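Okay, thanks for making room for me on the agenda. I'd like to walk you through one model, starting at the ligand and working outwards. Have a look at it first.

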Amino acid sequence: MIRYSKVLGTGGYLPAEIRTNAQISETVDTSDSWIFERTGIKNRHIAAPHESAASMAETAARQALEAANCDPSDIDLIIVATGTPEYVYPSTACLLQQRLGIKNAAAFDVQAACSGSIYALSIADQFIKSGGSKKALIIGTEICSRIVDWTDRGTCILFGDGAGAVLLGASDEAGVLSTHIHSDGEYENLLYCRNPQTTTAETQDDAGFINMRGNEVFKVAVNTLGRIVDETLEANNMAKEDIDWLVPHQANIRIIMATAKKLKMSMDQVVVTLENQGNTSSASVLLAFNEAVRDGRIKRGQVVLLEAFGAGFTWGSALIKY
Ligand code: ACO
């Protein structure tokens, strides 16, 4: 019998503080209309000083566990995607494991920038399909606000904080249909954030902050996401019309619309959280998925395409029968 991984529950967390475009316009030369027209973003959430990637992950994880009526002790695998860990080590996954009181799971982080949660989902799916895990917790959690240069109008308008969670479990029924992950390290210079403590002396100047050549990233993202859509459909012998929902990484509304157009999907079938969350990097796809599951848009049995693109470059997709 084929063994699948299936979504058992989802969760999400957004910090209480909201930063508006108008507030950002007070400190850098920009405007609400410029930001909204170019990106689709109006607000983003900002973590409080006491919050961390692990604390936000805990809230999202507990929600997913509750939704699935699952006891934390049943979890045997924890994968956290984050580019903003509080510790170099232990991993954020181990910190989360401690917070949830889980004793015997394997726990580790993956770093694939904005594609991190798709990478984590793909890894967990392989574990479950091969019999190495029965219940896996996948989290994307980010405090982007702490690595954003708030004086750089090209990047500070884009990012926000939050955490998304998915609980996967082994099932005889089809759940995750396929995952596809890729990277191309050639693009380091278009989008990066150096660790100020471990970078070389020559590259200290811009360390600690997100650096991005936005326009060039934009072009590669649109082309690459178009290709991954084709790859995913082909692998499953499916047509565009077979997809009920697109849950894209929330980087820019124009990138999302280009992917929807490629799929000939109406924007009514696309989950967009960007307006009030901005780009929460590895958390964004899982936050959007959680929102649409909880408000009843995504229903059991429907086919959902998740996709993301980020620094590296990395990119990936997951086709899920929810
Ligand atoms: N307000 C006003 N003007 C601005 C702002 C701003 N916030 N930011 C840039 N500008 C100016 C530029 O200086 C430039 O001015 P110039 O023509 O006088 O030189 C002009 O606007 C056009 O700049 P572009 O960079 O070409 O603007 P673009 O339309 O590309 O929009 C944006 C910029 C929103 C960043 C867009 O390129 C984008 O969304 N890129 C993709 C981001 C992305 O997908 N990242 C990947 C995921 S993130 C991750 O992995 C961590």
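So, the shell around the ligand: by class, that's 13 nonpolar, 9 polar and 4 charged residues. Bear in mind throughout that this is a predicted model. In total, 26 residues surround the ligand, and the closest are Thr30, Arg38, Cys114, Asn215 and Asn252.

Two of those turn up again in the polar contacts. The side chain of Arg38 has an N or O atom 2.7 Å from an oxygen atom of the ligand. For the side chain of Asn215, an N or O atom sits 2.9 Å from a ligand oxygen. And then there's Gly214, where a polar backbone atom lies 3.1 Å from a nitrogen atom of the ligand. How much of the ligand does the protein bury? On its own the ligand exposes 1000 Å², and the protein buries 73% of that.

Which elements give two or more residues to the shell? Those are α2 (32–39), α6 (214–235), α7 (253–262) and β12 (303–310). The largest share comes from α6, with 4 residues. If you prefer to think in domains, domain 1 (4–173) and domain 2 (177–321) both contribute residues to the shell, so the ligand lies between them.

Next, the cysteines. A quick reminder for anyone who doesn't live with proteins: a disulfide is a covalent bond between the sulfur atoms of two cysteines. With a cut-off of 2.5 Å between the sulfurs, the count here is 0 disulfides. Why does Cys144 not form one? Its closest cysteine sulfur is in Cys114, 7.0 Å away, and that's too far for a bond. You'll remember Cys114 as one of the residues closest to the ligand. Cys144 itself is buried, because its relative accessible area is 3% and the threshold is under 20%. Then there's Cys193, whose closest cysteine sulfur belongs to Cys144 at 9.6 Å, again too far for a bond. Is Cys193 buried or partly exposed? Partly exposed, with a relative accessible area of 38%.

Now a couple of pairs that show how sequence separation and distance in space can go their own ways. Thr10 is in strand β1 (residues 4–13), and at 3% relative accessibility it counts as buried. Its C-alpha is 6.2 Å from the C-alpha of Leu167, with their positions 157 residues apart along the chain. Set against that, take Asn276, which is in helix α8 (residues 274–277) and comes out as partly exposed, at 38% relative accessibility. Asn276 and Gly101 are 175 residues apart along the chain, and their C-alpha atoms are separated by 33 Å.

One helix I want to point at is α9 (residues 284–294). Of its 11 residues, 9 are buried, so the helix is largely enclosed by the rest of the structure. Among the buried ones are Val285, Leu286, Leu287 and Phe289, but also Ser284 and Asn290. Just after α9, Gly296 takes a positive phi of about 85 degrees.

That brings me to the backbone, and the part I'd check by eye. As a baseline, most residues other than glycine have a negative phi, and most peptide bonds are trans. What is the peptide bond from Tyr89 to Pro90? It's cis, with omega near 5 degrees, and Pro90 belongs to the loop between β4 (77–81) and α4 (92–100). There's also a cis bond from Gly312 to Phe313, with omega near -5 degrees. Phe313 sits in the loop between β12 and β13 (314–321), and β12 is one of the elements we met around the ligand.

As for phi, Ala113 isn't a glycine, yet its phi is positive, about 50 degrees. You'll find Ala113 in the loop between β5 (106–110) and α5 (116–129), and at 17% relative accessibility it counts as buried. Asn237 is another non-glycine with a positive phi, about 55 degrees. It's in the loop between α6 and β11 (245–248), but Asn237 is exposed, with a relative accessible area of 73%.

That's my tour, and I'm happy to go back to any of it.

Note on methods. Residues are numbered from 1 along each chain as its sequence is written. This is a predicted model: local features need pLDDT of at least 70, side-chain atom pairs count only at pLDDT 80 or more; totals for chains, interfaces and linings use all residues. Side-chain values use heavy atoms; hydrogens and water are left out. A residue is near a molecule or strand if one of its heavy atoms lies within 4 Å of it. A polar contact is a pair of N or O atoms within 3.5 Å; within protein, one must be able to donate a hydrogen and the other to accept it, and residues adjacent in sequence count only if both atoms are side-chain atoms. Accessible areas come from the Shrake-Rupley method with a 1.4 Å probe; for residues, only the protein chains shown count as cover. Ala, Val, Leu, Ile, Met, Phe, Trp, Tyr, Cys and Pro count as nonpolar, Asp, Glu, Lys and Arg as charged, and the others, Gly among them, as polar. Domain bounds come from an automatic or database domain assignment. Buried means under 20% relative accessible area, exposed over 50%, partly exposed in between (1.4 Å probe, protein chains only).
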